[in-house]
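Colleague: I should like to request a close look at a single part of this model. Please take me through it step by step, in terms that a first-year student can follow.

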Amino acid sequence: MIKITNLSKSFGELKVLDDINLNIKSGDIYGLIGQSGAGKSTLLRCINGLETYDSGTLKVENLEVKDYEGKEIRKFRKDIGMIFQHFSLMERKTAYQNIALPLECWGYKNDEIDRRVRELLNLVGIEEKIDVKPRCLSGGQKQRVAIARALALKPKMLLCDEATSALDPRTMKSILSLLREINEKLDITIVVVTHQMPVIKQVCNKVAVLDKGEIVVKGEVGEVFLNQPDVLRKLLGEEDNNELPCEGVNVRITYSREEVGSALLARMARSLDLDFSLVWGKLEKYREDTLGSIVINIDQKNESILFNYLNDINLNWEVMENGP
Ligand code: ADP
Ligand code: MG
């Protein structure tokens with residue numbers, strides 16, 4: 001659906017996007033994550049033609065976005081809905097009028113507009129707010145209006161730029177479920193730009209990590225997390241080793257859903273017949289998947305027995321730096 005090849009872009013001297021390669025398939029919920037200034041919004045704006053690029057290609061349904069001109073670009077953008085962190089609603093208009101706006105711009109008839117707006121209010125679950133203006137809506141409700149407006153023209157894809165960043169965690173969750181519902185029910189491809197890891201975990205099937213304009217990791221969400229590359233850990237804020245013991249060897253083990261339920265630690269203790277202590281651990285859900293991550297501490301003299309065992313049973317593991 002979206003194919004980006006060797007795309008680069010600079011603002012003056014500043015290279016903002018550096019040799020980006022990305023393939024977003026129809027039906028994906030593709031996450032673009034990275035710290036502020038990484039180039040995420042710029043990349044999103046290149047996709048809908050709001051921003052140009054210096055080199056490389058960016059094709060949406062096999063057509064080069066850069067080549068669109070005048071009227072064509074307007075038609076092209078009709079197929080792309082967009083939502084933002086701060087909703088961008090018209091304060092003087094009601095929910096109904098806000099959602100009707102794109103339909104009016106495209107000259108739809110009043111009865112058609114009415115039907116479509118009500119249908120959309122129903123889809124996003126705020127029928128009772130039909131005549132309410134934005135200032136009397138909660139953040140979550142405002143984003144629902146914005147989502148309805150973005151879907152008004154039946155786009156093929158929805159671009160979300162930090163759409164949940166201004167929401168509390170519970171509201172964020174409900175908006176993310178709505179996005180998944182839209183993806184599944186309406187068969188809309190979604191690109192989610194965020195700096196929040198939970199967003200990726202809850203809603204995306206694929207992810208690319210952007211760092212200073214470069215894609216440093218990309219792939220299936222579960223796989224990317226399972227292999228826990230350094231970049232991701234930095235974003236997760238887990239690089240801090242202050243809590244780890246300074247004696248012995250600290251080993252991080254990451255394991256997948258099948259292993260979560262299999263009493264991994266108990267089995268390990270039995271098979272190894274060694275003392276080790278559990279230093280840190282957590283289970284995390286990624287859409288339907290569950291991944292576990294633990295850090296254990298073991299005497300240095302026993303490390304090779306442990307390493308051999310972990311290799312034998314095919315687990316992902318690595319030695320962590322000791323605490324200070
Ligand atoms: P992100 O969305 O990941 O926070 P942006 O794509 O907004 O990052 O910005 C990437 C970099 O490009 C930043 O350093 C930003 O200051 C710069 N930038 C963004 N838009 C412009 C612009 N219109 N003119 C000049 N620099 C810009
Ligand atoms: Mg941004």
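Colleague: In which hand, left or right, does α5 pass α6 in a crossing?

Modeller: The crossing in which α5 passes α6 is right-handed. Please bear in mind throughout that this is a predicted model.

Let us begin with how such a pair is described. Two packed helices are characterised by the angle between their axes, together with the distance between those axes. Helix α5 covers residues 139-151 and helix α6 covers residues 169-185. Their axes come within 10 Å of each other, and the crossing angle is roughly 20°. Angles under 35 degrees count as roughly parallel, and α5 and α6 are therefore roughly parallel to each other.

Next come the residues that make this contact. From α5, the participants are Gly140, Gln143, Arg144, Ile147 and Leu151. They meet Thr171, Ser174, Ile175, Leu178, Leu179 and Ile182 of α6. Sorted by class, the contact of α5 with α6 has six nonpolar residues, four polar residues and one charged residue.

Helix α5 also has a contact with α3, which spans residues 95-105. Here the axes come within 7 Å and cross at roughly 25°. That angle makes α3 roughly parallel to α5. The crossing of α3 and α5 is right-handed. On the α3 side, Ala95, Asn98, Ile99 and Pro102 make the contact, and on the α5 side Val145, Ala148 and Arg149 do so. By class, the contact of α3 with α5 has five nonpolar residues, one polar residue and one charged residue.

We may now follow the chain into the loop between α5 and β7, where Lys156 lies. The side chain of Lys156 meets that of Glu61 in a salt bridge, with 3.0 Å from N to O. Glu61 lies in the loop between β4 (55-60) and β5 (63-64), so the pair ties together parts that are 95 residues apart in sequence. In terms of accessibility, Glu61 is partly exposed, at 41% relative accessibility. Lys156 is also partly exposed, with a relative accessible area of 35%.

Lys156 has a salt bridge with Asp79 as well, where the distance from N to O is 3.6 Å. Asp79 belongs to the loop between α2 (70-78) and β6 (80-84), and this pair therefore ties together parts that are 77 residues apart in sequence. At 27% relative accessibility, Asp79 counts as partly exposed.

A salt bridge within a single helix offers a further example. Arg118 forms a salt bridge with Asp114, the closest N and O atoms being 3.1 Å apart. Both residues belong to helix α4 (residues 110-123); being four residues apart there, they are separated by about one helical turn. Arg118 is partly exposed at 44% relative accessibility, and Asp114 is partly exposed with a relative accessible area of 26%.

Salt bridges may also be linked to one another. Lys9, Arg45 and Glu51 are joined in a network of salt bridges. For the model, the count comes to twelve salt bridges.

Terms used: Residues are numbered from 1 along each chain as its sequence is written. Chains are lettered from A and ligands numbered from 1 in the order in which they are written. This is a predicted model: local features need pLDDT of at least 70, side-chain atom pairs count only at pLDDT 80 or more; totals for chains, interfaces and linings use all residues. Side-chain values use heavy atoms; hydrogens and water are left out. Axes are lines fitted to C-alpha atoms, for helices over the stretch in contact, and angles run from 0 to 180 degrees between N-to-C directions. Helices (H or I, at least four residues) and strands (E, at least two) are DSSP runs, numbered from the N terminus. Angles under 35 degrees count as roughly parallel, over 145 as roughly antiparallel, 65 to 115 as roughly perpendicular and the rest as oblique. A crossing is left-handed if the near helix is turned anticlockwise from the far one by less than a right angle, and right-handed if clockwise. Contact means heavy atoms within 4.5 Å. Ala, Val, Leu, Ile, Met, Phe, Trp, Tyr, Cys and Pro count as nonpolar, Asp, Glu, Lys and Arg as charged, and the others, Gly among them, as polar. A salt bridge is a side-chain nitrogen of Lys or Arg within 4 Å of a carboxyl oxygen of Asp or Glu. Buried means under 20% relative accessible area, exposed over 50%, partly exposed in between (1.4 Å probe, protein chains only).
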